[in-house]
Amino acid sequence: MKKTVAVIGLGNRGTEYMGFIKAFHASEVSVHALCDIRQQALDDVAPKYGVPEERQFLSPEAFFAQGVLADALLITTQDKSHYAIAKQAILTGYKLILLEKPVSGVKREYEELRTLAAENKVLLIVCHVLRYSNYYRKIKEIIASGQIGEIVSINHTENVGYFHFAHSFVRGNWRDENTSAPSILAKCCHDLDLIAWFMDTPCVSVSSVGELGYFRKENAPAGAAPTCLGGCRAKKNCPYDAERLYIKDPFYKAKFIKYMKRTLTGKAKNSRRDVMNALKNGEYGKCIFLNDNNVCDHQFVTMTFKNGATAVLEMNAFSDKMFRQSHIVGTKGELIGYGTKLKMHIFGGKTTAVHTLSPNVGGHVEGDIRLIDRFVKILCGKTADLTDVTTIEATTASHDIALAAEESRKKGGAPVTPGNG
Ligand SMILES: NC(=O)c1ccc[n+]([C@@H]2O[C@H](COP(=O)([O-])OP(=O)(O)OC[C@H]3O[C@@H](n4cnc5c(N)ncnc54)[C@H](O)[C@@H]3O)[C@@H](O)[C@H]2O)c1
């Protein structure tokens with residue numbers, strides 16, 4: 001018999017994961033129940049998965065009132081709702097839960113979920129998708145093999161991409177830390193998770209500097225208007241002009257613009273007119289200098305680990321492309337990763353281009369698709385091996401480091417011990 005999943009939160013992430021289930025696992029898993037606070041989202045998604053009205057819910061309260069509706073639950077709502085929904089899911093009796101990151105920006109909350117999951121024998125998996133990509137798994141494998149010796153330091157950069165940062169962290173859902181999370185947690189808990197995973201020893205000290213430097217009122221050019229389509233006289237030379245980003249530029253043709261348009265319009269199927277309306281009247285047409293955003297656009301985090309190894313993470317809005325860079329230095333060699341290209345230099349020995357077997361068809365270097373693959377294997381009882389699975393126990397270190405980084409940044413870079421907050 002097929003296993004079933006229920007999904008709360010039918011936006012970009014939820015529909016992407018459901019799409020993978022339908023495309024690659026339809027013979028063993030079906031989508032059984034859906035919940036979103038927007039009727040439009042239910043109307044867009046339910047017919048695709050044949051979910052009848054009686055298993056569509058407009059609030060988590062109504063959803064949980066029905067008891068356990070499926071073998072597993074996906075929680076893909078926005079950041080601030082994760083804790084309450086995950087807690088209710090555990091208390092309702094779900095035993096396998098896939099929860100989007102960040103778990104919470106409050107240590108007490110993610111620790112409570114961790115404890116509740118353990119007490120109730122729930123497998124609570126956090127969507128740190130990068131750990132599932134062949135590229136990052138290969139890095140982990142090389143480190144574990146000892147080929148580059150003991151890790152001395154890691155220098156890792158998250159180049160967010162100027163257009164992506166503007167979309168998500170200046171205009172979009174992650175622009176205000178009070179309604180989402182500081183960007184170092186919202187954007188970089190993945191990177192911190194990778195660093196902690198590669199180091200495989202506790203982080204004992206964190207310091208951080210950074211700020212919201214550019215996307216501020218003081219930097220608005222002469223002639224700027226509150227919206228790009230509302231009489232802005234500076235738009236011709238502005239790379240962030242919303243019309244240019246969403247309608248005219250290559251950004252519009254990029255793979256993930258499909259998701260962006262859904263976010264802009266709130267509809268899965270949207271016309272050019274819908275997009276123009278959204279730009280005229282919604283958040284995504286607002287001037288990047290005159291908005292109410294407050295999250296950092298660049299930040300450095302330095303970390304010291306228990307064995308003395310050190311790491312630096314740079315988060316930066318200002319890159320032409322979205323990609324990550326890593327320089328992992330060991331006592332016997334180094335790994336240099338640029339995007340998805342990986343090279344290994346063994347000191348006094350060979351330089352090798354490392355093939356990760358990942359063609360990078362998208363979705364976090366294929367991490368998204370591989371996370372769902374692993375999740376389905378666990379759901380269907382095809383594997384009991386939880387090695388490197390991003391359980392809540394395995395991933396709270398990333399959140400501890402992010403919270404410590406924010407605390408340090410606010411204290412002018414003073415060292416903070418992660419996990420004490
Ligand atoms: N793992 C990753 O790599 C990754 C990447 C991007 C985003 N995310 C995270 O995934 C989550 C979802 O992001 P998204 O881009 O899909 O957002 P989204 O806004 O596209 O989707 C969220 C959906 O949840 C619904 N929703 C909001 N509150 C709800 C509630 N209380 N109950 C039921 N439904 C509710 C919204 O109506 C919307 O349809 C966020 O927390 C985000 O930070 C993770």
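Let's start from the outside: the accessible surface of the protein comes to about 18,100 Å², and 52% of that area belongs to carbon and sulfur atoms. Keep in mind as you look around that this is a predicted model. Turning from the surface to the residues, 54% of the 421 residues of the protein count as buried.

The overall dimensions come next. Along its principal axes, the C-alpha trace spans about 65 × 60 × 40 Å. A compact globule with 421 residues would have a radius of gyration near 22 Å, and the protein, at 22 Å, agrees with that. If you trace the chain, you will pass through 15 helices and 14 strands. Contacts also reach across the sequence: among those between residues at least 6 apart, 73% join residues at least 24 apart.

Now let's zoom in on one residue, lysine 101. You will find lysine 101 in the loop between strand 5 (96-99) and helix 5 (107-119). Which side chain of opposite charge is nearest to lysine 101? That is glutamate 100, 5.5 Å away. A salt bridge needs a side-chain nitrogen of Lys or Arg within 4 Å of a carboxyl oxygen of Asp or Glu, and lysine 101, although buried, has no salt bridge. What the side chain of lysine 101 does have is a polar atom 2.8 Å from the backbone oxygen of alanine 186. Alanine 186 also appears among the contacts of lysine 101 beyond its neighbours within four places in sequence, together with Asp79, His82, Val126, Cys127, His128, Cys189 and His190.

Glutamate 100, for its part, belongs to a network of salt bridges that also links Arg13, Glu16 and Asp368. That brings us to charge pairing in general. Side chains of opposite charge can pair when their charged atoms come close. The structure holds 26 salt bridges, and a few of them make good stops on this tour.

The loop that holds lysine 101 leads into helix 5, where lysine 107 and glutamate 111 both lie, 4 residues apart, about one turn of the helix. Their side chains meet in a salt bridge, with 2.9 Å from N to O. How buried or exposed are these two partners? Lysine 107 is buried, with a relative accessible area of 14%, whereas glutamate 111 is partly exposed at 23%.

Helix 15 (residues 392-410) offers another pair: arginine 409 and glutamate 406 both lie there, 3 residues apart, again about one turn of the helix. The closest N and O atoms of their salt bridge are 3.0 Å apart. Here arginine 409 is partly exposed, with a relative accessible area of 21%, while glutamate 406 counts as buried at 6%.

For a further example, look at lysine 286 and glutamate 283, whose side chains meet in a salt bridge of 3.1 Å, N to O. Lysine 286 is partly exposed, with a relative accessible area of 26%, and glutamate 283 counts as partly exposed at 29%.

Our last stop is glutamate 314, in strand 10 (residues 310-316). Leaving aside its neighbours within four places in sequence, glutamate 314 is in contact with His156, Thr157, Glu158, Gln299 and Phe300. How far is its C-alpha atom from that of glutamine 325, 11 residues apart along the chain? The two C-alpha atoms are separated by 9.7 Å.

Note on methods: Residues are numbered from 1 along each chain as its sequence is written. This is a predicted model: local features need pLDDT of at least 70, side-chain atom pairs count only at pLDDT 80 or more; totals for chains, interfaces and linings use all residues. Side-chain values use heavy atoms; hydrogens and water are left out. Helices (H or I, at least four residues) and strands (E, at least two) are DSSP runs, numbered from the N terminus. Buried means under 20% relative accessible area, exposed over 50%, partly exposed in between (1.4 Å probe, protein chains only). Lys and Arg count as positive and Asp and Glu as negative; His and the chain ends are not counted. A polar contact is a pair of N or O atoms within 3.5 Å; within protein, one must be able to donate a hydrogen and the other to accept it, and residues adjacent in sequence count only if both atoms are side-chain atoms. Contact means heavy atoms within 4.5 Å. The radius of gyration is taken over C-alpha atoms; the globule rule is 2.2 Å times the number of residues to the power 0.38. Accessible areas come from the Shrake-Rupley method with a 1.4 Å probe; for residues, only the protein chains shown count as cover.
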